[in-house]
Amino acid sequence: AGPALQILGCRAASRPHASAADAGAASASMRAAILLAHAVHATTQGCLEWSAVNATWFGDEHDGPAQPYCLHKRCLVALNGCAVWWRTVSDDVIPPIPELAIPLPDDDRRGACRGPTRVTGHLGIADDENFGRCTTSDKIFDNGGGFEILQARRHAPPSIDCGDRRRLKARWEALLATLTDEDYALVEAATTRPIRNVTAAFVNKASACDFAGFLSSSRLFVHALNGEGLHALRAVLAERLRDLRLTKYASGSILDEWFEHGVLIRPYTNDQDVYDLLKVVAGEPSVPAPPYDWAERRITSVENDPQGRAHVDSFASVVKVWLFDDVGADAGPLHVVRGSHRHTVDRLAWEHARANGREALIEPSFRLTSNESDAGDAAAFVARCQRDAAPIVTQEPIVVVADTSLVHFRGAGRVGAVRRSRRLRGDNGGGLARQ
C-alpha cells in the first residue's frame, strides 16, 4: 500500500488514535490521491535514453567491473541528474520488483538484467507470464533472483509533471490531520527534532513532486528535511492509516495477533487457509478469492547471502505470503523479529537513522546494521532485534503471512542445502499488491 497504505514499527500493538470516521475520510477520499501520487512520482523516470553513438559503462554497488547495456546496435546512456548501477538480486527476492529497477526507455514492460557470467538480457516487470524473469541469450532465471538488474536514483529534481500542487497539498494536509499530539510527540522523541516546525517548512516550500513523493509508496523519499524527521513522520502516518484500514474491515483474535506480532503462521491444507488470513490483514473490503497461482522457489544456501543481513522491506506495511512444507534449521529458514513492525521510539529512531544514512540511497531495503554507528534508541532497537530474531522451521505444511516491514532475514543454512517454498505468482508484492 502507499505510504499511508503500508505500515511499520516495533512496539506492543496499540489501537489507532483516530476515529472510524477519520478512517473513512482518510481511506476513501485519500486513497485515489495516494495512488495518483505514486503513479506520478517516478524515482527512476527520465534517467536513461538509447544512443547509437554513445554508451554509459555502469558499475555495480561494490564498484566492481563496469559494463554497458546494448541492444540492436544501440546502448543505454545515463542522463544528467541520475545515478545508475548494476545491483545483485538474490534468489526469492522477487516479487516485488525492486523499487529502483529502471524500465527500458521505450518499453516499460521490461528492465535490464544480466546473469552471473555478465551476459545481458531482459527483466520482466509487467504483470504477465514473464514477470520477475530475467531472460538472457544463454539462460532463463526464474527463481525470483540469481541475477543483477539496472537500478537508478535521481539526485537532482525531476523535470516531470507531478500534478497540481494545490490539490496535492490539500491531500497531504488532510492526511496529516489524522495524526494526534501523541503521534507528533513520538516523532519528536525518536528524532529529537521539533517536527511541527519541520512540517511547516515542508508545506511552505514543497513542490508538486515533493508532495507526490511524500505520498508515494517509495521506500525512500529523498528530501533535505529527512534529517529533521520528515521520513519518521511519513512512517508514523503510514502506520496510523494502516491501522485505521485494518480495524475498518476486520476484528477479532487474528487481527489482534497481527497487530502485535506482524506475522501469522498456520497449518496449510488448501488455499482457503490463505484466503482466511488475507481477509484479515489486507485492510480492504475484499481480496482475491482462491484458488491461487503459486510459483515454486528453491533456495540453495550459500556463504555471504545478501538476504542473510537482517532488514525491513519498507517504511510501511508490505504483506508477503510463503508456503513451506519442510524447513529445518540447516536449510536457511526465514527468521522474523515479532513486533518489530510497530513504531516504538527505538524503532522510529532507528528508521530515522537509516533514512539519513549513505546506504539508503543504493540499498533496496533498510538493513538492521549499518556501516555507520548507531547510538541511543537506534542502537537499542538493533540489540533487541538481534536478541529476539527467531527462525520459522516446520516438518508439516504451513502458510506464513508476514508484514515485511518487520525485521526479517534468511538464516544461515548448511552450504548447498535447499529450502523449498511457494510464493504467489505475479506482480503482487509477494502477497498483496502494493496499492
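Let me begin with confidence across the elements of this protein, where helix α2, residues 31–40, has the lowest mean pLDDT, at 32, and strand β11, residues 263–267, has the highest, at 98. What you have in front of you is a predicted model, and for the protein the mean pLDDT is 85, with 86% of the residues reaching 70 or more. Over residues 1–42, however, pLDDT stays under 50, although the model has 144 contacts beyond four places in sequence for that stretch. Where pLDDT is low, the predicted coordinates should not be read in detail, and I will turn to other parts of the chain.

Let us take the aromatic residues next. A search of the whole structure finds 10 aromatic pairs. In one of them, Trp-50 and Tyr-69, the ring centres are 6.4 Å apart and the planes stand at 40°, so this pair counts as tilted. Trp-50 sits in strand β1, residues 48–51, while Tyr-69 is in the loop between β1 and β2, so that the pair links distant parts of the chain, 19 residues apart. Trp-50 is buried, with a relative accessible area of 14%, and Tyr-69 is buried too, with a value of 1%.

A second pair is formed by Phe-202 and Phe-214, whose ring centres lie 5.9 Å apart with planes at 40°, so it is again tilted. Because Phe-202 belongs to helix α5, residues 195–205, and Phe-214 to helix α6, residues 208–215, the pair ties together parts that are 12 residues apart in sequence. Both of these phenylalanines are buried, and ring pairs join them with Trp-172, Phe-211 and Phe-221 in a cluster.

Which residues of the largest nonpolar core touch the most other members? Of its 51 residues, they are Phe-202 and Phe-214. At least two residues of this core come from each of α3, α4, α5, α6, α7, α10 and α11, and α7 gives the most, with nine residues. If we set aside residues up to four places away in sequence, Phe-202 touches Trp-172, Asp-210, Phe-211, Phe-214, Phe-221, His-223, Leu-225 and Leu-230. Apart from the largest core lies another, of 23 residues, which include Leu-255, Trp-258, Leu-264 and Val-401.

Helix α9, residues 271–281, is worth following from its start. There, a side-chain oxygen of Asn-270 reaches to within 2.9 Å of the backbone nitrogen of Gln-272. The buried residues of α9 are Asp-271, Val-274, Tyr-275, Leu-277, Leu-278, Val-280 and Val-281. In thinking about that list, recall that an α-helix has 3.6 residues a turn, so residues three or four places apart point the same way. As for what they meet, the buried residues of α9 pack against helices α7 and α8 and against strands β11, β12, β14 and β18. After the helix comes Gly-283, whose phi is positive, near 65°.

Two smaller points remain. Arg-196 lies over the face of Tyr-184, at 3.9 Å from the ring centre. Val-119, in the loop between β6 and β7, is partly exposed, with a relative accessible area of 25%. Leaving aside neighbours within four places in sequence, Val-119 is in contact with Cys-113, Arg-114, Thr-136, Ser-137 and Asp-138. Between Val-119 and Tyr-69 there are 9.8 Å in space, C-alpha to C-alpha, with the two residues 50 apart in sequence.

Terms used: Residues are numbered from 1 along each chain as its sequence is written. This is a predicted model: local features need pLDDT of at least 70, side-chain atom pairs count only at pLDDT 80 or more; totals for chains, interfaces and linings use all residues. Side-chain values use heavy atoms; hydrogens and water are left out. Rings of Phe, Tyr and Trp (its six-membered ring) pair if their centres lie within 6.5 Å; planes under 30 degrees apart count as stacked, over 60 as edge-to-face and the rest as tilted. Helices (H or I, at least four residues) and strands (E, at least two) are DSSP runs, numbered from the N terminus. Buried means under 20% relative accessible area, exposed over 50%, partly exposed in between (1.4 Å probe, protein chains only). A charge sits over a ring if NZ of Lys or CZ of Arg is within 6 Å of the ring centre and within 35 degrees of the ring normal. pLDDT is the predictor's confidence in each residue, from 0 to 100. Contact means heavy atoms within 4.5 Å. A polar contact is a pair of N or O atoms within 3.5 Å; within protein, one must be able to donate a hydrogen and the other to accept it, and residues adjacent in sequence count only if both atoms are side-chain atoms. A nonpolar core is a set of buried Ala, Val, Leu, Ile, Met, Phe, Trp, Tyr and Cys residues joined through side-chain atoms within 4.5 Å.
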